[in-house]
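User: I would like to go through this model by asking what justifies each label, so please set each value against its criterion before concluding.

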Amino acid sequence: MKKILKFLIAAVVMMLIPINTVEAASSVSISKTTLKPNESATVTIRESDSQGMVQGTITTTGSISASASSFAEATNTFSFSVRAGSSGSGTVSIVGFSEDLNGKKYPFNKTYTITIVATTPEPEKPTAPNKPTTPQKPAEPTGPTAEEIAQAEKEAKQKIPLISKIELISNSTAHTGTVINTIEPSENTWEYEYSLPKRINKFNLEVTGTSDSVVLTYDKEYEFAEGETEPKAITIRAVSDDITQEYTLKVSPDTSTPLEVTVGETKQQVFEDKIIDEFMTARGFTVESYENDSEVAVPYYAIDDIKLQLLVDTDSNVKWYRMGESNNPTEKVALVFDADDKPLIVVEAPEEEQKQTVREVSYKEKEFEVPTELKNVDSSLKWDNKYSAWSTDEGDIVQALRTNTESDKFRISPEKDVVAAVVSFDQINTSMYQWWAYISTGLLVVVSAAFILYINKNNKLKKSAL
């Protein structure tokens with residue numbers, strides 16, 4: 001009977017013991033609440049879910065100051081320090097919430113009373129004998145209200161961008177449809193600036209929100225008229241639930257003066273473009289520059305000791321020019337690329353050779369294909385796409401530079417393979433030509449004499465008949 005009674009008592013006790021379940025929760029702790037003057041303590045807010053986040057506000061009273069007034073961390077822990085004044089006491093209150101990976105929120109509202117003790121404590125006053133002292137109950141701290149918590153949450157959310165990116169897309173003839181700049185908004189930053197590159201005066205905006213629930217309001221198409229120099233202030237509005245954000249983007253047109261060089265008796269502009277720079281450097285060129293008389297850097301492209309410059313005239317004709325020792329454009333060239341994207345700089349053959357033929361083929365102008373990457377830079381440009389060559393079945397025989405001072409013959413096959421060419425021009429048999437010339441002349445004399453004799457004889461016959 002006693003054993004049965006003990007068993008029942010043990011069962012009742014186990015039923016009364018609570019069984020805890022482990023779930024995510026928030027916690028707030030402080031390293032100590034008694035400080036010396038100017039001493040600091042650490043307050044830590046933690047979400048038990050290692051992938052959670054914490055957010056809230058911090059207020060202090062009395063002789064206590066804090067290193068932060070609010071926090072919104074994408075991690076599960078946030079710490080700040082509180083510092084004691086010279087004397088007295090104060091409180092620090094932490095109000096907010098933590099959130100686990102599943103989006104469940106755990107609010108917290110914690111207030112600590114911090115006592116500041118002097119470095120040299122005053123001696124204790126003797127108490128009356130046989131009269132016990134009654135300890136004073138500290139005043140219960142009063143935390144923020146639910147409305148204040150909600151306001152703190154809203155203020156924290158207000159600082160987090162609702163826009164993930166702002167893209168500027170060219171709508172000009174230059175780089176049409178290309179993203180020319182991308183802006184990714186930062187926290188609590190609402191104003192941005194950008195200057196358009198050369199030759200782009202029309203652009204579109206493409207704004208992306210941080211989620212599908214963000215409602216965006218903005219104008220998409222913009223254009224700077226010719227001569228317009230003032231920046232455009234563009235307003236972008238983003239709304240999600242009770243959060244409204246307004247961004248200002250100031251876009252300025254390009255107002256730089258075009259660089260000009262002299263070609264013969266005319267002025268042409270130096271064509272500058274970052275995409276062309278990338279295209280050329282990927283094919284062995286380097287981007288260099290020299291200073292003109294106005295001490296302005298003038299760009300050009302170099303490979304070995306050869307220098308090229310891309311120039312455009314007033315009719316949008318774009319041509320490559322070879323540069324001389326004094327950096328002036330001296331000769332128009334054709335820049336072609338072989339099957340491996342290696343450059344070949346084609347020049348004119350010597351004048352005495354241009355009259356020669358190869359396998360009865362004359363030296364004449366021919367079109368070639370300009371790389372698409374260059375043509376797509378600006379649809380309004382007219383690229384020079386002609387060079388002179390002897391076009392045979394095996395390919396085009398051209399004159400091309402080996403160095404800045406030497407050139408030679410090369411053959412460009414239909415498959416764009418380039419090899420050095422040994423050229424044998426067609427020869428005319430001079431002695432045979434002279435011999436046939438003499439025979440032709442003799443025959444002409446004989447025929448002429450026979451014709452004259454025939455005329456004279458015919459006239460005599462007519463007279464005798466009369």
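User: Why is Gln51 called exposed?

Analyst: In this predicted model, Gln51 has a relative accessibility of 55%, and since the label exposed requires a value over 50%, Gln51 counts as exposed. The residue lies in the loop between β3 and β4, and its C-alpha atom is separated by 9.0 Å from that of Glu99, which is 48 residues apart from Gln51 along the chain.

User: What makes Ile149 buried or exposed?

Analyst: The relative accessibility of Ile149 is 17%, and because buried means under 20%, Ile149 counts as buried. Ile149 lies in helix α2 and, not counting residues up to four places away in sequence, touches Val95 and Pro144. The C-alpha atoms of Ile149 and Thr57 are separated by 8.2 Å, although the two residues are 92 residues apart along the chain.

User: How do you know that β4 and β6 pair, and in which sense do they run?

Analyst: Pairing requires at least two bridges between two strands, and 4 bridges join β4, residues 53–62, to β6, so the criterion is met and the two strands count as paired, running antiparallel. An example of the register is Thr57, which stands opposite Ser70 in β6.

User: To which sheet do these strands belong, and what makes β2 and β6 its edge strands?

Analyst: They belong to an open sheet of 5 strands in the order β2-β9-β8-β4-β6, with mixed pairing. The strands β2 (34–35) and β6 (70–73) are its edge strands, each pairing on one side only. Helix α2, residues 146–158, packs on this sheet, touching β4, β6, β8 (89–99) and β9 (105–116), and the direction of α2 makes about 120° with that of β4.

User: How many bridges does β3 form with β1 and with β7?

Analyst: Strand β1 (residues 26–30) and β3 (residues 40–47) pair in the antiparallel sense over 5 bridges, while β3 and β7 (residues 77–84) also pair in the antiparallel sense, over 7 bridges. With a requirement of at least two bridges, both cases therefore count as pairing. Ile45 illustrates the arrangement, for Val28 stands opposite Ile45 in β3, and the bridge partner of Ile45 in β7 is Phe78.

User: Why does Arg283 count as buried, and which polar contacts does its side chain make?

Analyst: Arg283 has a relative accessibility of 14%, and as the limit for buried is under 20%, Arg283 counts as buried. Its place is in the loop between α3 (274–281) and β20 (286–291). The side chain of Arg283 makes a polar contact with the side chain of Asp341 at 3.2 Å, and also reaches the backbone oxygen of Phe279 at 3.0 Å; a polar contact is a pair of N or O atoms within 3.5 Å, and both distances satisfy that cut-off. Not counting residues up to four places away in sequence, Arg283 touches Ile303, Phe337, Asp341, Pro343 and Glu373.

User: Why is β30 described as largely enclosed?

Analyst: Of the 7 residues of β30, residues 395–401, 7 are buried, so the strand is largely enclosed by the rest of the structure.

User: With which strands does β30 pair?

Analyst: Strand β30 pairs in the antiparallel sense with β25 (residues 343–347) over 2 bridges, with β29 (residues 386–392) over 3 bridges, and with β31 (residues 407–412) over 6 bridges. Since at least two bridges are needed, the 2 bridges to β25 are enough for that pair to count. Examples of the register are Val346, whose bridge partner in β30 is Ala400, Trp390, whose bridge partner in β30 is Ile397, and Gln399, which stands opposite Lys409 in β31. Strands β29 and β30 form a hairpin with 2 residues between them, whereas the hairpin of β30 and β31 has 5 residues between its strands.

User: How many cavities of 30 Å³ or more does the structure hold, and what lines the largest cavity?

Analyst: The structure holds 1 cavity of 30 Å³ or more, and the largest cavity has a volume of about 80 Å³. Its lining includes Val318, Trp320, Leu335, Phe368 and Trp383, and the elements that give two or more residues to that lining are β23 (317–323) and β24 (329–337).

Definitions and conventions: Residues are numbered from 1 along each chain as its sequence is written. This is a predicted model: local features need pLDDT of at least 70, side-chain atom pairs count only at pLDDT 80 or more; totals for chains, interfaces and linings use all residues. Side-chain values use heavy atoms; hydrogens and water are left out. Contact means heavy atoms within 4.5 Å. Axes are lines fitted to C-alpha atoms, for helices over the stretch in contact, and angles run from 0 to 180 degrees between N-to-C directions. Buried means under 20% relative accessible area, exposed over 50%, partly exposed in between (1.4 Å probe, protein chains only). A polar contact is a pair of N or O atoms within 3.5 Å; within protein, one must be able to donate a hydrogen and the other to accept it, and residues adjacent in sequence count only if both atoms are side-chain atoms. On a 1 Å grid over the protein atoms alone, a cavity is a set of points where a 1.4 Å probe fits but cannot get out, and a pocket is an open set with protein on both sides within 12 Å along at least five of seven lines; lining residues have an atom within 4 Å of a point. Grid points are joined across faces, edges and corners, and a volume is the space filled by probe spheres set on the points.
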